[in-house]
Structures are given as structure tokens and as C-alpha cells.
Amino acid sequence: MSEKALRLGTRRSKLAMAQSGQVAEAVRQVTGRPVELIEITTYGDVSREALAQIGGTGVFVTALRDALLKGEVDFAVHSLKDLPTAQPEELVLAAVPVREDPRDVIVARDALKFTDLAASSPRGAARIGTGSPRRMAQLNAYARAHGLDIETVPIRGNVDTRIRYVHDGELDAVVLAAAGLNRIGRIDEVTDFLSVDTVLPAPGQGALAIECAADNAELIAALGELDDPFTRAAVTAERSLLAALEAGCSAPVGALADLLADGQIVKEMRLRGVVGTTDGTRMVQLSTTGPVPQTHDQATALGRELATEMLAQGAAGLMGERAQ
């Protein structure tokens, strides 16, 4: 490949710039070419509406994809959980690198754990901020089952803004993604890591997607060096579940595929899924286990299989937003 700089399209947020910078360095190493970050503002960055209100699906992605299709950038980096499940024919996911920690975390006042928040809140109910219907549904369901008094409060904003709500005393805690805090070097602010048994993450959470034009075979091959097959299989299964439920990125759907090992030997992949009403009163939570997928179609089938079981148990009636 020539020495001309590759143009990497990225959102402007601190987190997006951090994770794009990490990908840029990895691409430099595999291609030997300089990489230039091209900052692009997306609708999701400028809108102040709640993500559930503006549809969630694709609001952080469309502008980056438009830049790719126009040839203004050579490749783009997305948080995989923001990607719509339908893939445009003109673009390809050239790489899904090794996944970061997929868990959600709490940043709380007084270094408290989630289960201690309600007991010590001066307000009675502990006020916990999140913009995610998925997090609201699962936190409220857990609180209901364990006699915890919480109130989930819808918020928007970047990491700094969200954590400031806690420091300023407006909220007792906020829920964030471990991966994002890791990538911007702020994981030490976490007061509690939420077990995936308590809150299943968003499909694809913690993973990045590196996308480029489908007709650029040379770049696809180079970016493919960064691909992690286990991460790709896992997120493909999770996103297949989301697609089969006909749910968008902001619907209250959690999913996680993980590998089950016997000693050092990976035996199977387990896929867990959850759908719930945001007040936590009704939930459908199921899992399925199968051989580790070796192909895209096998990973997709695992997701579809679990979605079929969840729909049979009434999952469709629990989702506010249905993808069109």
C-alpha cells in the first residue's frame, strides 16, 4: 500500500476520539501508513433529545457512513452497539477487534455499591441516572426483586456531564459502560461493576466496528489483521438476536454471548438475552448454548433461535420502539 495517509472518520466526542486514536495506531502498525483522524459531527452528537425519542438507531452512525460513501474518509470507527443491524451493501465491517469489558458500571456518591445506594439515600429512593431504557428496565427489575428503593432518571451527555450529576449532588449514581471509561483512562472512578447476571449489556457493548467501502479489497485485507474471530462471532449472535426481535439500538434489549471453556479448551458459546418494560415489572430473560460458531451464518442462527424463544414468551409486547 502507498504511503498516502489513510483517513479515519470518527465522532468528535472524547470517547470516540480516544478509541479511534487506538485503532489508528493499530492500523499504522499493520499498514505502515500514517492515519489521519477526520472529525465528523453526527445527529446524535448535536441533538439534545433523549435517544429513545430520536429513535436511537443510527443517530451516531449515519454521518460517518455518508462520509465513507462519498469517499471523504477511507474507513470509520464505530462503537458497535450504535450500529444498526442492517448492513449497507456498499460498506463492510472489515474488523471487529478484541472486545473490551462489556459490563455496565456504577459511579456513585460516597464510593457506594449499587445495593447500598437505596439504604443510604437522604431522599429515600436513590436517584440513578441513565439514558438507556435497557439499563432502566434491568435495574428496576433487580431493585423490585431485592426490595431496593430506586428511581431511574433519564439523562443525556458525555461522560464528564454524567459524572458531574453525581459530584454536584443531583443524582446518587449514574450508570456507564466499563469499556468507555477504560478507553478514556477513568476506570478508577467506578464504584461498582454490575454483574452481567444483574444487568445484561447492550448487544455489541464494549466492541468496536471498523467499517470501509466494500470495493476496497486492499484496505479490507489490511484492516482484517485487527479482527478477532471470537469477538466477531459473539457480537454477530447478539446483533442477530436484536435484529430478529426487530428492535432498534435504543430498545430495552440486553444480550451477551460468551465462551464456555473446559480448562483451556473452549467448548461452547452461550447467548443470553433480556427484554423488559422500563419500570422493570415485566421481563423476558432466556439463554441458549451451542457450539462455538465457525461462520457468520452459524452465529446469526444462534441469535435468531433465542429471539424466537423470547418472542414466544411475549418479548414483542415489552419493547416500546420497534425498528421499521
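This report walks through a sheet, the helices packed on it, some salt bridges and a surface patch in a predicted model.

## The sheet around β5

Let's start with the sheet. Five strands, in the order β7-β6-β8-β5-β9, make up an open sheet with mixed pairing. At its edges sit β7 (150–153) and β9 (192–193), each of which pairs on one side only. As background, strands in a sheet pair through backbone hydrogen bonds, and the pairing can be parallel or antiparallel.

Strand β5 (residues 104–108) is a good place to look in detail. On one side, β5 pairs with β8 (residues 173–177) in the antiparallel sense, with 5 bridges between them. If you want one pair to click on, Ile106 has Val175 in β8 as its bridge partner. Strand β5 also runs antiparallel to β9, and 2 bridges join these two. Here the pair to find is Val105 with its bridge partner Phe193 in β9.

How many of the residues of β5 are buried? The count is 5 of 5, so the strand is mostly covered, with buried meaning under 20% relative accessible area. In a regular strand, side chains alternate between the two faces of the sheet. In β5, Asp104, Ile106 and Ala108 are on one side, Val105 and Val107 are on the other, and both faces are covered.

## Helices across the sheet

Two helices are worth turning the model for. Helix α6 (residues 133–146) lies across β5, β6 (126–129), β7 and β8, and runs at about 175° to β7. Helix α7 (residues 159–167) lies across β5 and β8, at about 155° to β8. Both helices therefore have β5 and β8 among the strands they lie across.

## Salt bridges

The model has 20 salt bridges in total. Three of them are set out here, with their N to O distances.

| Basic residue | Acidic residue | N to O distance |
|---|---|---|
| Arg7 | Asp74 | 3.1 Å |
| Arg65 | Glu211 | 3.0 Å |
| Arg127 | Glu151 | 3.6 Å |

Take the salt bridge between Arg7 and Asp74. It links distant parts of the chain: Arg7 is in strand β1 (residues 6–10), while Asp74 is in the loop between α4 (62–69) and β3, 67 residues apart. Arg7 is partly exposed at 25% relative accessible area, whereas Asp74 is buried at 19%.

Next comes the salt bridge between Glu211 and Arg65. Glu211 belongs to strand β10 (residues 208–213) and Arg65 to helix α4, so this pair ties together parts that are 146 residues apart in sequence. Are these two residues buried or exposed? Glu211 is buried, with a relative accessible area of 0%, and Arg65 also counts as buried at 8%.

The salt bridge between Arg127 and Glu151 brings us back to the sheet. Arg127 is in strand β6 and Glu151 in strand β7, 24 residues apart. Arg127 counts as partly exposed because its relative accessibility is 24%, and Glu151 is partly exposed at 37%.

Salt bridges can also join up into something bigger than a pair. Lys14, Asp160, Arg186 and Glu189 are linked in a network of them.

## Gln87 and its contacts

Gln87 is in the loop between β3 (75–79) and β4 (91–95). With 32% relative accessibility, Gln87 counts as partly exposed. Which residues does Gln87 contact, leaving aside its neighbours within four places in sequence? They are Arg65, Val92, Leu93 and Glu211. Two of these names should look familiar: Arg65 and Glu211 form the salt bridge with closest N and O atoms 3.0 Å apart.

For a sense of distance, compare Gln87 with Asp110. These residues are 23 residues apart in sequence, and their C-alpha atoms are 44 Å apart in space.

## A nonpolar patch on the surface

Finally, have a look at the outside. Phe230, Leu259 and Val266 form a nonpolar surface patch, and together they have about 220 Å² of accessible area. Phe230 is in helix α10 (residues 229–244). At 42% relative accessibility, Phe230 counts as partly exposed.

Technical notes: Residues are numbered from 1 along each chain as its sequence is written. This is a predicted model: local features need pLDDT of at least 70, side-chain atom pairs count only at pLDDT 80 or more; totals for chains, interfaces and linings use all residues. Side-chain values use heavy atoms; hydrogens and water are left out. Two strands pair if DSSP finds at least two bridges between them. Helices (H or I, at least four residues) and strands (E, at least two) are DSSP runs, numbered from the N terminus. Contact means heavy atoms within 4.5 Å. Axes are lines fitted to C-alpha atoms, for helices over the stretch in contact, and angles run from 0 to 180 degrees between N-to-C directions. Buried means under 20% relative accessible area, exposed over 50%, partly exposed in between (1.4 Å probe, protein chains only). Patches are made of residues with over 30% relative accessible area and no salt bridge: like charges are joined within 9 Å, nonpolar side chains (Val, Leu, Ile, Met, Phe, Trp, Tyr) within 5 Å. Accessible areas come from the Shrake-Rupley method with a 1.4 Å probe; for residues, only the protein chains shown count as cover. A salt bridge is a side-chain nitrogen of Lys or Arg within 4 Å of a carboxyl oxygen of Asp or Glu.
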